[in-house]
Amino acid sequence: MRPLIHHAKQLKGTLTIPGDKSISHRSIMLGAIAEGKTRITGFLRAEDCLSTIQVMRQLGATIHDDGEKIVVEGKGMNGLTAPSELLDVGNSGTTIRLLAGLLAGQPFKSVLAGDQYLNKRPMQRVITPLSQMGAKLHGHEGTELPPLTIEPVDHLQAIRYEMPVASAQVKSAIILAGLQAEGETVVIEKERSRNHTEEMLQQFGGQIDVNGKEIRLKGGQTLKGQTIEVPGDISSAAFFLVAGLIVPNSDLLLKNVGINETRSGIIDVIKDMGGNITISMRPNGISADIRVQTSQLKATTINGEMIPRLIDEIPIIALLATQAEGDTVIEDAEELKVKETDRIHAVASQLNKMNAHINETEDGMIIHGGSSLQGAEVDSFGDHRIGMMLQVAALLTQSEVHMKDADCVNISYPTFFDEIARLVQA
Ligand code: S3P
């Protein structure tokens, strides 16, 4: 149990947001299969992305880290080599699902496994399309669950695939397999999800056509190493955006927050709820400095195509809604049940212990606003985003909050507790 920082009088100061997790993973993977060197700055050195580095090294990639920039010496699409051991992806869903696509067309066997949480997450969503492409992969003992075993195949065939779920991980797995397939692969998204794979593939000189929800790419392409500047992660910034809005007398400046239209749903929600937020784009055109100040908030409804644009932010948006006037409704978010933990249950059960009033529904939750949060013993369920949300909640309580499994914040934000401590004015 870790005692959380509680009863903050105000939050004041400036914070530089650490690198985007989704972009960091992809920069290593694409760098490894490109030709030539890829230089990466702003890389997120947190457990999930370090798992990707480790696994790509096991697959023969040469990756140097001088503490500032990371250099990947590309091996080309045919240059990866058979791993001598199991590939341990830790807690990282992005690593296992994207690598399933990348390894599906390779001429060697590999086994991808994760931690106790990852090993309960569904993999059928990648097994189905990859199998249609001719890949040979299966979960543990006849199930869809990891460890995932991928057998060597001669070649993959392109498919046309209509996705049954909105998932950037599944889309990206098919794209990475499509790069190795014969013919043109077409993916039709259910809802538009984060587009970092498509954008980065273009940056690496790949040909990929995106027309609304339809994505097309041909197999057999050669990628060229690039210089990648990873912007700050809006999903990490989200905890401080909300903290600045709900802790009294606060004024925070968050620097270098990546602004990508497929990720910025939380900004729309904050504006809709009446939050005091100012966004100043940087000259790079991909990130912004964002100022937030304590605000009077009103409830909102979040559903439909908005959900993939803020899927990872729903736990912290739920906390925001407990402090708004009125009832906030979140719908169409059943995907939350298969994240690092069941995030609908985790959010409702743990915040309700702290005197929030949240009803779980089949596909989301109803959050009754105007709660005065109180101290309690809470559980992160080993989920980094639940852990960080509960720490922000604790800032509002008069009495102590203790949290089980607090170290899980290292999965995406190793300096999170230090930054909170630095910004809190007692
Ligand atoms: C991610 C996609 C999302 C997101 C995850 C990162 C990615 O997952 O929740 O944190 O980097 O592609 P889904 O594809 O399962 O929606």
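This section describes the annotated domain, the nonpolar cores, one helix, one open sheet and one buried loop residue of a predicted model.

According to the UniProt annotation, which belongs to an unreviewed entry, a domain named "Enolpyruvate transferase" covers residues 7–419. Over this range the chain is 29% helix and 25% strand. The C-alpha atoms at the two ends of the range are 16 Å apart.

The largest nonpolar core comprises 76 residues. Within this core, Phe 240, Leu 319, Leu 351 and Phe 416 have the most contacts. Helix α7 (residues 234–246) supplies the largest share of the core, namely 10 residues. A second core, separate from the largest one, consists of 66 residues and includes Met 29, Phe 43, Val 126 and Ile 208.

The surroundings of Phe 240 were examined with residues up to four places away in sequence not counted. On this basis, Phe 240 touches Leu 15, Leu 252, Leu 254, Val 292 and Tyr 413, as well as Phe 416, Glu 419, Ile 420 and Leu 423. Phe 416, Glu 419, Ile 420 and Leu 423 are also among the buried residues of helix α12 (residues 416–423), as is Phe 417. The buried residues of α12 lie on the same side of the helix because they cover an arc of only 160° around its axis. In general, an α-helix has 3.6 residues a turn, so residues three or four places apart point the same way.

An open sheet is formed by 4 strands in the order β4-β5-β3-β16, with mixed pairing. Strands β4 (62–65) and β16 (227–229) are the edge strands, each pairing on one side only. With direction ignored, neighbouring strands of the sheet are turned by 15° against each other on average. Strands β3 and β5 (residues 70–75) run antiparallel and are joined by 6 bridges. Lys 37 stands opposite Glu 73, a residue of β5.

The loop between β3 (35–41) and α2 (47–58) contains Leu 44. This residue is buried, with a relative accessible area of 3%. When neighbours within four places in sequence are left aside, Leu 44 is in contact with Pro 18, Gly 19, Asp 20, Lys 21 and Ser 24, and also with Cys 49 and Ser 412. Leu 44 and Leu 319 are 275 residues apart along the chain, and their C-alpha atoms are separated by 25 Å. Leu 319 is one of the residues with the most contacts inside the largest nonpolar core.

Notes. Residues numbered from 1 in each chain as written. Predicted model: local features only at pLDDT ≥ 70, side-chain atom pairs only at ≥ 80, totals over all residues. Heavy atoms only, no water. UniProt positions renumbered as here; feature names shortened; annotations may be inferred. Buried < 20%, exposed > 50% of the residue type's maximum accessible area, 1.4 Å probe, protein only. Arc of directions from axis to C-beta. Contact = heavy atoms within 4.5 Å. Core = buried A, V, L, I, M, F, W, Y, C linked by side-chain atoms within 4.5 Å. Pairing = 2+ DSSP bridges. Axes fitted to C-alpha atoms, helices over the stretch in contact; angles between N-to-C directions.
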